[in-house]
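Student: I am new to this structure and would be grateful for a close look at a single part of it.

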Amino acid sequence: MFIVVLSISTLHHVSSKGQLKRLLLGTSDDRLQQMEIQVQNLTQTVHLLQEKVNEHNQHIAFYATLTAHTTLGQQQTVEFDKVSTNIGGAYNGISGIFTVPVTGLYHFSTTMLQMTSANNQIHTQIMKNSVEIGRNYGNENRSSGTMDVVVMAQKGDLVYVRHFSSAQQAIFGSGYSSFSGFLIG
């Protein structure tokens, strides 16, 4: 408890309860405005931090397979069209492209089953923004190969599988060829 002693002349000049409160608390209008601005800024900072925490707690994963047997042309993106899992909605089964929704560390995997072809080979890559991040090769009739990559990706990056040989090569559909990925953290 504290005691405040004010002179009669001081009280005589106080015209409102707000002025009396400021006089008793020893704060000015400017100081109150500064404190209100600080509270607003801190509130905005807390909301931004909450959004970042929620963003990093997102579950992001996809798994898609190829339905039709496909003959691939040079640098053709493989459109894995049967989407079984798409948590976060970042994989597009029409284009075959995963658009990174949150910056972080990701795992991507693809498996290809080669069909019988004239050259008995299959060449594929996992790409991020037109840059190879993984390569797969098969050279036997009906060979299967799987490639896995772990990579840092930024929000908005595009990740996809493409054929990179100049010769046409064929892969099995019917679920034998697949593409998947998920956010590690």
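Student: In which strand is T65 found? Please begin your answer there and go on to the surroundings of that strand.

Tutor: T65 is found in strand 1; a strand here is a DSSP run of E with at least two residues, a helix is a run of H or I with at least four residues, and both are numbered from the N terminus. Before going further, please note that this is a predicted model, in which local features need pLDDT of at least 70, side-chain atom pairs count only at pLDDT 80 or more, and totals for chains, interfaces and linings use all residues. Residues are numbered from 1 along each chain as its sequence is written, and side-chain values use heavy atoms, with hydrogens and water left out.

T65 has a relative accessible area of 7% and is therefore buried. The term means under 20% relative accessible area, while exposed means over 50% and partly exposed lies in between, with a 1.4 Å probe and protein chains only. Apart from neighbours within four places in sequence, T65 is in contact with F80, D81, K82, G175, S177 and S178, where contact means heavy atoms within 4.5 Å.

Strand 1 belongs to an open sheet of five strands in the order 3-1-12-6-9, with antiparallel pairing. Two strands are said to pair if DSSP finds at least two bridges between them. Strands of a sheet pair through backbone hydrogen bonds, either parallel or antiparallel. Strand 3 and strand 9 are the edges, since each of them pairs on one side only. From one strand to the next, the twist averages 5°; axes are lines fitted to C-alpha atoms, for helices over the stretch in contact, and angles run from 0 to 180 degrees between N-to-C directions.

Let us now cross the sheet. Strand 1 and strand 12 run antiparallel and are joined by five bridges, and Y63 stands opposite S180 in strand 12. On the way to strand 6, six bridges join strand 12 to that antiparallel neighbour. S180 of strand 12 is the bridge partner of S109, and T110 stands opposite F179 of strand 12. Five of the six residues of strand 12 are buried, so this strand is largely enclosed by the rest of the structure.

Strand 6 and strand 9 are paired in the antiparallel sense over ten bridges. One position in this pairing is L105, whose bridge partner in strand 9 is M152. The side chains of strand 9 alternate: G145, M147, V149, V151 and A153 are buried and point to one face, whereas S144, T146, D148, V150 and M152 point to the other face and are not buried.

M147 of strand 9 deserves a closer view. Its relative accessibility is 6%, which is why M147 counts as buried. Leaving out residues up to four places away in sequence, M147 touches F108, S109, T110, T124, Q125, I126, G134, R135 and N136. The C-alpha atoms of M147 and T111 are separated by 6.6 Å, although the two residues are 36 apart along the chain.

The largest nonpolar core has 26 residues, and V78, F80, F98, Y106, F108 and F179 touch the most other members. Such a core is a set of buried Ala, Val, Leu, Ile, Met, Phe, Trp, Tyr and Cys residues joined through side-chain atoms within 4.5 Å. The elements giving two or more residues to this core include strand 1 (61–65), strand 6 (104–113), strand 9 (144–153) and strand 12 (178–183). Strand 9 contributes the most, with four residues. Y106, again without neighbours within four places in sequence, is in contact with residues including F98, P101, V149, V151, F182 and L183.

Finally, consider a loop residue and its link to strand 1. A90 is placed in the loop between strand 3 (82–87) and strand 4 (91–92). With a relative accessibility of 10%, A90 counts as buried. Its C-alpha atom is separated by 8.2 Å from that of A61, and the two residues are 29 apart along the chain. Beyond neighbours within four places in sequence, A90 is in contact with I97, F98, T99 and P101.
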